[in-house]
Amino acid sequence: MEEKVINIISSVCEIDKKDIKLDSNLVNDLELESLDVVDLVVAFEKEFNIKIDDKDIKQFQTVEDIVEYLEK
């Protein structure tokens, strides 16, 4: 799951995979803006065939937060 999430972040946000760690903060470390996060959510919804509620998106602070959410 971790690898899949990192691959999606890498391709959607054009960030080198080696720069993405589980504890990377989406805003501070990866320098994502709100539109980038929305693009990621859409990509995760398509990849995993799920619907992510807007209220849940706010809890995505790190890559690990996303992995844990998707594993549930």
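This is a short talk on the surface patches, salt bridges, aromatic pairs, backbone angles and spatial contacts of one structure.

Before anything else, the model is a predicted one.

I will start with the charged surface. Seven residues are listed here: Glu-2, Asp-23, Asp-29, Glu-31, Glu-64, Glu-68 and Glu-71 gather in a patch of negative charge. Which helix gives the largest share of the negative patch? That is helix α4, residues 63-71, with three residues. Asp-29, another member of the patch, does not need a helix to get there; Asp-29 is found in the loop between α1, residues 2-13, and α2, residues 34-48. The relative accessible area of Asp-29 is 48%, so Asp-29 is classed as partly exposed. The patch rule asks for over 30% relative accessible area and no salt bridge.

Next, the nonpolar side of the surface. Leu-35, Val-38 and Val-42 make a nonpolar patch of about 260 Å². Leu-35 is found in helix α2. Is Leu-35 buried or exposed? Leu-35 counts as exposed, because its relative accessibility is 58% and the cut-off for exposed is over 50%.

Now the salt bridges. How many salt bridges does a search of the whole structure find? The search finds four, and I will go through three of them, starting with Glu-47 and Lys-4. The side chains of Glu-47 and Lys-4 meet at 3.6 Å, N to O. Glu-47 lies in helix α2 and Lys-4 in helix α1, so this pair ties together parts that are 43 residues apart in sequence. As for exposure, Glu-47 counts as partly exposed at 42% relative accessibility, and Lys-4 counts as partly exposed at 40%.

The next bridge to mention is between Glu-45 and Lys-51, with the closest N and O atoms 3.6 Å apart. Here the two partners fall in separate exposure classes. Glu-45 is buried, at 17% relative accessibility, whereas Lys-51 is exposed, at 61%.

Then there is Lys-55 with Asp-56, where the closest N and O atoms are 3.4 Å apart. Lys-55 counts as exposed, with 59% relative accessibility. Asp-56 counts as buried, with 13%. Why does Asp-56 count as buried? Because its relative accessibility is 13%, and buried means under 20%.

On to the aromatic rings. A pair of aromatic rings is described by two quantities, the distance of the centres and the angle of the planes. The count for this structure comes to two aromatic pairs. One of them is formed by Phe-60 and Tyr-69, with 5.2 Å from centre to centre and 75° between the planes. That pair is edge-to-face, because the angle cut-off for that class is over 60 degrees. Phe-60 counts as buried, at 7% relative accessibility, and Tyr-69 is buried too, with a relative accessible area of 17%.

A word on the backbone. Most residues other than glycine have a negative phi. Two residues are worth listing against that background. Glu-14 is not a glycine, yet has a positive phi of about 55°. Where does Glu-14 lie? Glu-14 lies in the loop between α1 and α2, and Glu-14 is exposed, with a relative accessible area of 74%. The other is Asn-49, with a phi near 55°, again a positive value in a residue other than glycine. Asn-49 lies in the loop between α2 and α3, the latter being residues 54-57. Asn-49 is also exposed, with a relative accessible area of 71%.

Last, two C-alpha distances. Ala-43 is found in helix α2 and is buried, with a relative accessible area of 18%. Ala-43 and Ser-11 are 32 residues apart in sequence, and their C-alpha atoms are 9.9 Å apart in space. Ile-50 is found in the loop between α2 and α3. Ile-50 counts as partly exposed, at 35% relative accessibility. What separates the C-alpha atoms of Ile-50 and Leu-70? The separation is 9.1 Å, for residues that stand 20 apart along the chain.

That is the end of the list.

Notes:
Residues numbered from 1 in each chain as written. Predicted model: local features only at pLDDT ≥ 70, side-chain atom pairs only at ≥ 80, totals over all residues. Heavy atoms only, no water. Patch = residues over 30% accessible without salt bridge, like charges linked within 9 Å, V, L, I, M, F, W, Y side chains within 5 Å. Areas by Shrake-Rupley, 256 points an atom, 1.4 Å probe, with all protein chains shown as cover. Lys, Arg positive; Asp, Glu negative; His and termini not counted. Charge placed at Lys NZ, Arg CZ, Asp CG, Glu CD. Helix = DSSP H or I, 4+ residues; strand = E, 2+ residues; numbered from the N terminus. Buried < 20%, exposed > 50% of the residue type's maximum accessible area, 1.4 Å probe, protein only. Phe/Tyr/Trp six-rings, centres within 6.5 Å; stacked < 30°, edge-to-face > 60°.
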